[in-house]
Amino acid sequence: FFRPDPKAYAMVINAYAKADLGRTGAILAEELVERYEKYHPESSANAYLTRGVVKAWIRAHDLDKAETWLNRIEAQYKESSQPEDAPNSSIYTMFLEALTSRRCKYSGSAEESALEVLQKMRHSYQVEGNLQAM
């Protein structure tokens with residue numbers, strides 16, 4: 001039985017993010033991550049897969065959900081220390097841009113969250129050695 005590899009899943013997840021399907025696209029992207037984890041129990045979805053879900057929620061204008069997935073990426077990287085699990089500067093930048101645009105629904109303080117994300121980026125780069133964070 002042939003199972004698609006992470007790159008195939010990531011292509012479809014990113015297609016949902018780019019298709020401007022709003023919440024529907026973001027939900028479909030989340031479901032693909034769940035499907036990947038169901039059929040690949042030996043490995044959890046890495047940042048390569050889950051960054052697309054963050055993008056989909058940003059494009060759906062729901063930063064609370066995007067932040068949940070960004071936090072998941074960060075937690076997984078802390079646990080594994082694997083480069084493929086690392087949040088990168090592009091996902092942080094996309095989240096920061098969405099925070100400052102004020103077009104998205106967000107329950108927190110955009111200013112405080114932006115400073116927190118910048119501090120996370122700096123810490124990840126300087127302390128954890130995540131060269132992709134900056």
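How exposed is glutamate 37, going by relative accessible area? Glutamate 37 comes out as partly exposed, at 26%. The close-ups below all come from a predicted model.

**View 1. Glutamate 37 and arginine 72 pair up across two helices.** Here glutamate 37 makes a salt bridge with arginine 72, and the closest N and O atoms sit 2.3 Å apart. Glutamate 37 belongs to helix H2 and arginine 72 to helix H4, so this is a link between distant parts of the chain, 35 residues apart. Arginine 72 is partly exposed too, with 27% relative accessibility, against 26% for glutamate 37. A search through the whole structure turns up six salt bridges, and this pair is one of them.

**View 2. Lysine 120 is where two salt bridges meet.** Start with glutamate 74, whose salt bridge to lysine 120 has its closest N and O atoms 3.0 Å apart. Glutamate 74 is in helix H4 and lysine 120 is in helix H6, so the pair ties together parts of the chain 46 residues apart in sequence. Glutamate 74 counts as buried, at 13% relative accessibility, while lysine 120 counts as partly exposed at 24%. Now look along H6 itself: glutamate 116 also meets lysine 120 in a salt bridge, at 3.6 Å from N to O. Those two residues are four apart in helix H6, or about one turn. Glutamate 116 is partly exposed, with a relative accessible area of 41%. Put together, the shared partners make a single network of Glu74, Glu116 and Lys120.

**View 3. Glutamate 67 is buried without a salt bridge.** This residue sits in helix H4, which runs over residues 63-80. Which side chain of opposite charge is nearest to glutamate 67? That would be lysine 120, 5.6 Å away. Because a salt bridge needs the nitrogen and the carboxyl oxygen within 4 Å, glutamate 67 and lysine 120 don't make one. Leaving out residues up to four places away in sequence, glutamate 67 touches Phe95, Tyr106 and Ser113.

**View 4. Leucine 63, Phe95 and Leu99 have the most contacts inside the largest nonpolar core.** That core holds 35 residues. Helices H1 (6-18), H2 (23-39), H3 (47-59), H4, H5 (89-101) and H6 (110-126) each put in at least two of them. The largest share comes from H3, with seven residues. Zoom in on leucine 63 and you'll find contacts with Ile58, Phe95, Ala98, Leu99, Cys104, Lys105 and Tyr106, again skipping residues up to four places away in sequence. Phe95 also turns up in the previous view, as a contact of glutamate 67.

**View 5. The largest pocket has lining residues from H1, H3 and H5.** How much space lies in the largest pocket? About 190 Å³. Its lining is made up of Ala17, Lys18, Lys55, Ile58, Arg59, His61, Met94, Glu97, Ala98, Ser101, Arg103 and Cys104. H1, H3 and H5 are the elements that give two or more residues to this lining, and H5 gives the most, with four. Among the lining residues, Ile58, Ala98 and Cys104 may ring a bell from the leucine 63 close-up, where they are listed as contacts.

Notes:
Residues are numbered from 1 along each chain as its sequence is written. This is a predicted model: local features need pLDDT of at least 70, side-chain atom pairs count only at pLDDT 80 or more; totals for chains, interfaces and linings use all residues. Side-chain values use heavy atoms; hydrogens and water are left out. Buried means under 20% relative accessible area, exposed over 50%, partly exposed in between (1.4 Å probe, protein chains only). Lys and Arg count as positive and Asp and Glu as negative; His and the chain ends are not counted. Contact means heavy atoms within 4.5 Å. A nonpolar core is a set of buried Ala, Val, Leu, Ile, Met, Phe, Trp, Tyr and Cys residues joined through side-chain atoms within 4.5 Å. On a 1 Å grid over the protein atoms alone, a cavity is a set of points where a 1.4 Å probe fits but cannot get out, and a pocket is an open set with protein on both sides within 12 Å along at least five of seven lines; lining residues have an atom within 4 Å of a point. Grid points are joined across faces, edges and corners, and a volume is the space filled by probe spheres set on the points.
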